[in-house]
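Here are a few exercises to work through with the model open in your viewer. Try each task before you read its solution.

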Amino acid sequence: MTIQMTGRTAPAADTDVAGFELTAEQRALRDEVREFADTVVAPAAYEYDTKRSLPYGIIAEMGRMGLFGLPFPVEYGGQGKDYLSLCLAVEQLGRVDQSIGVTLEAGVGLGAMPIFRSGSEEQKQRWLPMLAKGEALAGFGLTEADAGSDASGTKTTAVLRDGEWVIDGTKQFITNSGSEITALVTITAVTGEERRADGSIKKELSAIIVPSGTPGFVAEPVYDKVGWHTSDTHPLTLTDVHVPEENLLGERGRGYANFVATLDEGRVAFAALCTGAAQGCLEEALAYAKTRNVFGRPIGSNQHIAFKLARMQARVHTARLAYYDACFKLMAGQPFKMEASIAKLTASEAAMDNARDATQIFGGYGFLNENPVARHYRDSKILEIGEGTSEVQLMVISRALGFTA
């Protein structure tokens, strides 16, 4: 069946969703970041993806735009905006380059936010201004070879000795942990153990700030990853690392609990990143389908292509609805844990499915690394793994439904 082409362009990412209307200020921010993404980030994406290096000039410009400080109070160097503003910025960047989008998302959500949520006033004053201005990056070291979704597998230890924490262990897959501007990594470590009545051992996990350059703290060589080539990701080694006792972040023994709360919040922004990726694939595929002629007509006039694009649009719309819903609940102070997991699950699947369909629409051209959809195809798989796998999201959702298995 032949479909009549209308000549209309891809649905823009600037359409309000009924019930979740954006303010004029939010729309202006979204449009500003969209223009920045299209004119600065997108033209350089292939070059930096090939170099596998973080574009510090672009990161610095994002800092000058205030993107890293969007959700933080002005007194800490932030912009004093709401969490949706951060999500809108992440979505627009993820639309053209997921590596840049996740550098912002992780820099704020995993790097600076734990300090803002759990840090002492002294810690906030010391670290947040440089992080909020994008002058420095921070990471959060939770994952280990046997620990991540199951924090009980944590083997990194921190022993309090003569007013210092002495830390030994390893971490892996830590974003923003070894760049030229990384200022610190907050790590989780076992700071004590308690024997339960049944004889089992309960580990006391705490979070501790480890500044970059601390003797014994080493960011090992960057990973050779399938995707996210521009994102800074390292394994970490901590050998006899000494930091002051006051580098404890939050209460002793509350490290994992505080991080889980931060992760719930971060999943909303991560879902925005996924939505941006899905939107980017749609825009690229739709433009190609209207200009690529085969047998004398655009390929989009063929029903099977038009229907594929329709499904792509439906996924984007659903993903955006899901993360808006979670974000509005978050900002209203309502429970949002389940909604955050629904958003992350839905949006990551939308990104992966749209990347696959966009690559198929482009045919052989979609298999060339210089094509944005090829980069999305490589990048999108990690969206179903990072910040809680799809299986973890299903576990969170099923628990909210009353199932504990």
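**Exercise 1. Trace the strand pairing around β3.**

Task: Which strands pair with β3, in what sense, and over how many bridges?

Solution, step by step. Keep in mind that this is a predicted model.

- Start with β3 and strand β7 (residues 233-244): the two run antiparallel and share nine bridges.
- Pick out I167 and look across to β7, where V241 stands opposite.
- Now go to strand β2 (residues 157-161), which pairs with β3 (residues 164-175), again in the antiparallel sense, over five bridges.
- I167 turns up here too, as the bridge partner of A158. I167 of β3 thus has A158 as a bridge partner and V241 of β7 opposite.
- Check the turn: β2 and β3 make a hairpin with two residues between them. One residue in that turn, D162, has a positive phi of about 55°.
- Finish with β7, which also pairs antiparallel with strand β6 (residues 217-219), over three bridges. In that pairing, F217 is matched with L238 of β7.

**Exercise 2. Compare two annotated spans.**

Task: How much helix and strand is there in residues 140-241, and how much in residues 253-401?

Solution, step by step.

- Take the names from the record: an unreviewed UniProt entry gives residues 140-241 as "domain: Acyl-CoA oxidase/dehydrogenase middle". For residues 253-401, UniProt (unreviewed entry) lists "domain: Acyl-CoA dehydrogenase/oxidase C-terminal".
- Residues 140-241 come out at 0% helix and 55% strand, whereas residues 253-401 are 75% helix and 3% strand.
- Then check the ends: the end C-alpha atoms are 16 Å apart for residues 140-241 and 28 Å apart for residues 253-401.
- For the protein chain, the tally is ten helices and ten strands.

**Exercise 3. Find the empty space.**

Task: What lines the largest cavity, and which element gives the most to the lining of the largest pocket?

Solution, step by step.

- Begin with the cavity. There is one of 30 Å³ or more in the structure, and the largest holds about 40 Å³ of space.
- Its lining is made up of P114, S118, F140, A207, L249, G255, N258, F259 and T262. Two elements, α4 (98-118) and α6 (255-291), each give two or more of these residues, and α6 has the largest share with four.
- Sort the cavity lining by class and you get five nonpolar, four polar and no charged residues. Domain 2 (137-251) and domain 3 (255-399) each contribute at least three residues to this lining.
- Move on to the largest pocket, with a volume of about 1,100 Å³. It has 40 lining residues, and T143, I385, G386, E387 and G388 are the closest to its centre.
- α6 is again the answer: it gives the most to the pocket lining, with seven residues. Other elements supplying at least two residues include β1 (137-141), β3 and α10 (390-400).
- By class, the pocket lining splits into 20 nonpolar, ten polar and ten charged residues.

**Exercise 4. Check the overall dimensions.**

Task: Why does the radius of gyration of the protein chain agree with that of a compact globule?

Solution, step by step.

- Count the residues: there are 405, so a compact globule would be expected to have a radius of gyration near 22 Å.
- Compare with the chain, which has 22 Å, and the two agree.
- For the box, the C-alpha atoms fill roughly 80 × 50 × 40 Å along the principal axes.

How values were computed:
Residues numbered from 1 in each chain as written. Predicted model: local features only at pLDDT ≥ 70, side-chain atom pairs only at ≥ 80, totals over all residues. Heavy atoms only, no water. Pairing = 2+ DSSP bridges. UniProt positions renumbered as here; feature names shortened; annotations may be inferred. 1 Å grid on protein atoms, 1.4 Å probe; cavity = no way out; pocket = protein on both sides within 12 Å on 5 of 7 lines; lining within 4 Å. Points joined across faces, edges and corners; volume = space filled by probe spheres on them. Nonpolar A, V, L, I, M, F, W, Y, C, P; charged D, E, K, R; others polar. Domains from an automatic or database assignment. Rg over C-alpha atoms; globule rule 2.2 N^0.38 Å.
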